[in-house]
Amino acid sequence: MTTTTKVIAFDCDGVLFDSQHANTVYYNHLLAHFGKPAMTTEQSTYVHMSTGDEAIAFLFNNPKIIEQVQSYRRTLDYQRFIKHMQIEPSLKNLLGKIHPSYKTAIATNRQPPCQSPTPLSLTYCFYLMKCRQLSYRFTHQAFRPKPVC
């Protein structure tokens with residue numbers, strides 16, 4: 001990297017974390033809330049590769065229900081699903097190598113309101129999170145990495 005590089009931004013899903021199981025738990029929660037059966041393996045594969053809006057349209061396939069589902073999911077705190085995310089195996093090692101030389105950020109296409117998709121054990125490893133149109137600075141403005149990163 002060049003000496004002008006100051007921040008390295010990571011995508012969340014599939015880069016920092018394997019989120020397929022968390023997505024399955026999340027969408028199964030939505031389905032159960034609206035009285036629908038859990039996803040099949042094929043449905044789980046599709047929603048994992050699609051946007052939230054595409055996944056909802058695919059799973060519910062009824063415009064009247066889709067708006068209700070969208071309203072309900074905007075009220076959900078995704079933090080309860082984070083425990084189902086798996087940290088990518090070499091992430092901590094990579095973060096340890098690039099800190100403190102570079103600040104790190106998370107860029108995600110999650111829809112607002114989005115909280116940090118980062119498990120608490122890694123939150124302090126990131127300086128900024130950008131999700132769709134919003135940006136959040138983590139509370140540790142003076143970046144001081146902990147031993148894990």
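This short talk walks through helix 3 and its surroundings in a predicted model.

Hi everyone, let's begin with the helix itself. Helix 3 covers residues 52–60. Which of its residues are buried? They are Gly52, Ala55, Ile56, Leu59 and Phe60. Now imagine looking down the axis of helix 3: the buried residues fall within an arc of 105°, so they line one face of the helix.

And what covers those buried residues? The cover includes helix 1, residues 20–33, along with helix 2, residues 41–48, and helix 4, residues 63–75.

Let's take helix 1 from that group. Two packed helices are described by the angle between their axes and the distance between the axes. For helix 1 and helix 3, the angle is about 45° and the axes are 12 Å apart. That makes helix 1 oblique to helix 3, and their crossing is right-handed.

Which residues meet there? From helix 1 we have Tyr27, Leu30 and Leu31, and they meet Gly52, Ala55, Ile56, Leu59 and Phe60 of helix 3. Sorted by class, this contact has seven nonpolar residues, one polar residue and no charged ones. The polar one is Gly52, because glycine counts as polar here.

Finally, let's step off the end of the helix. Helix 3 is followed by asparagine 61, which lies in the loop between helix 3 and helix 4. Its phi is positive, about 50°, although asparagine 61 is not a glycine. Is asparagine 61 buried or exposed? With a relative accessibility of 66%, asparagine 61 counts as exposed, because the cut-off for exposed is over 50%.

Thanks for listening!

Notes. Residues are numbered from 1 along each chain as its sequence is written. This is a predicted model: local features need pLDDT of at least 70, side-chain atom pairs count only at pLDDT 80 or more; totals for chains, interfaces and linings use all residues. Side-chain values use heavy atoms; hydrogens and water are left out. Buried means under 20% relative accessible area, exposed over 50%, partly exposed in between (1.4 Å probe, protein chains only). Helices (H or I, at least four residues) and strands (E, at least two) are DSSP runs, numbered from the N terminus. The arc is that of the directions from the helix axis to the C-beta atoms. Contact means heavy atoms within 4.5 Å. Axes are lines fitted to C-alpha atoms, for helices over the stretch in contact, and angles run from 0 to 180 degrees between N-to-C directions. Angles under 35 degrees count as roughly parallel, over 145 as roughly antiparallel, 65 to 115 as roughly perpendicular and the rest as oblique. A crossing is left-handed if the near helix is turned anticlockwise from the far one by less than a right angle, and right-handed if clockwise.
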